[in-house]
Amino acid sequence: CHLIHYLRLSHHLIVLNYLICTFDKLKSVSSEDIKITDAVFDGVEVRVFEPPAKGDESLKRSVVYIHGGGWALASARTSLYNNLCRIMAESLNAVVVSIEYRLVPEVCFPEQYHDALRATKHFLQPDVLAEYSVDPSRIAISGDSAGGNLAAAVCQQLSKDEDLPVRPKLQALIYPVLQAFDFNTPSYQQNMNMPVLPRYVMVNYWIDYINGNYDLAHELLVNNHTALNVGQALSFRARLNWTSLLPPSFKKSYKPVVQTTGTAAIVERLPALLDVRAVPLLADDATLARQPRTYMLTCENDVLRDDGVMYAKRLERAGVPVTLDHFLDCFHGCMIFTVWPTDFSAGVRTRDSYIKWLDENL
């Protein structure tokens, strides 16, 4: 993939995603248990999973799901996410809407965010909910990894929309990526070389998402973009102070990496680094206080562990009921790996715990 990119034949992410989807994409085929259809919500493709109607129930609960993949990979139609959403629909007897947002490099931030927001707002219209027999008071917004980022950002925006007739009851975030302010949190330091999502890979995903240049990777890795002399970052520092937001068991003996002098031009060139639509963890307390009851799943062997834990703590301090579901022996991305040949016990345990919480709270 990188050779093809180097030869300027195509972008390496396009090639990689083509390979993933070629071997993995499923057709829209319904089973006896779940009806699967593809639709377009306000210009955004979605896949809808509908369980059969039951005589004793007129309205169903629902989950809007946003898949992960670094804003650049995967699809609502791949078998891994198709399987997850089908099981959710079956287990919860819920209508699941899986959003097929556009990917890097076709588009960059904020287009993925706009796609997720438009599709969600379209679904939340009373006439659309009625079409799918969904109870307006029992809707969750959910996503994993980069999809968790989009889910959190969408929830924040929905909470500010005074004209919205229907609001989500819950948000459920699965090892979400929530900040690009500090790439030296304890989990980033502890898991910097962890397979599936090493630190340098996550930094490159961020660069791709915000349409930056890979030449900036080193400066981001050492936090030069949020050094003490970068005035744009100063007002956000307290919102991401992991020394006060993380428990001692997570902080361990790691030390903060705060540069005295950095490169202010990075934020000037890439303002999305401090845009709360891209970086939900930097939202103010008033916004956080408006968020719905939250489920946060985190894994010990994951650079993004502390993103989720810090967001959970800030939401809790803002008065939001939060369930932090931490798995000591699991890794980033594990929840979708439940199908042979990648059928891991970590995937089944995290998926079952996530669905159990939704079942009890939605």
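Hi everyone, this is a short walk through one protein chain, from its overall make-up to a single helix and two cysteines.

Before we start, this is a predicted model, where local features need pLDDT of at least 70, side-chain atom pairs count only at pLDDT 80 or more, and totals for chains, interfaces and linings use all residues. Residues are numbered from 1 along each chain as its sequence is written, and side-chain values use heavy atoms, with hydrogens and water left out.

Let's begin with the whole chain. It has 16 helices and 10 strands; these are DSSP runs numbered from the N terminus, H or I of at least four residues for helices and E of at least two for strands. Of its 362 residues, 57% are buried, meaning under 20% relative accessible area with a 1.4 Å probe, protein chains only. Contacts here are heavy atoms within 4.5 Å, and among those with a separation of 6 or more, 76% join residues 24 or more positions apart. The exposed area of the chain is about 14800 Å², with 53% supplied by carbon and sulfur atoms; that comes from the Shrake-Rupley method with a 1.4 Å probe.

Now, why is helix H8 described as largely enclosed by the rest of the structure? Because 9 of its 11 residues, in the stretch 199–209, are buried. Among them are Met202, Tyr205 and Trp206. After H8 comes Asn211, with a positive phi near 60°.

Finally, the cysteines. Cys85 is buried at 0% relative accessible area, and Cys108 also counts as buried, at 18%. The whole structure has 0 disulfides, taking a disulfide as a pair of cysteine sulfur atoms within 2.5 Å. Thanks, everyone!

Methods. Buried < 20%, exposed > 50% of the residue type's maximum accessible area, 1.4 Å probe, protein only.
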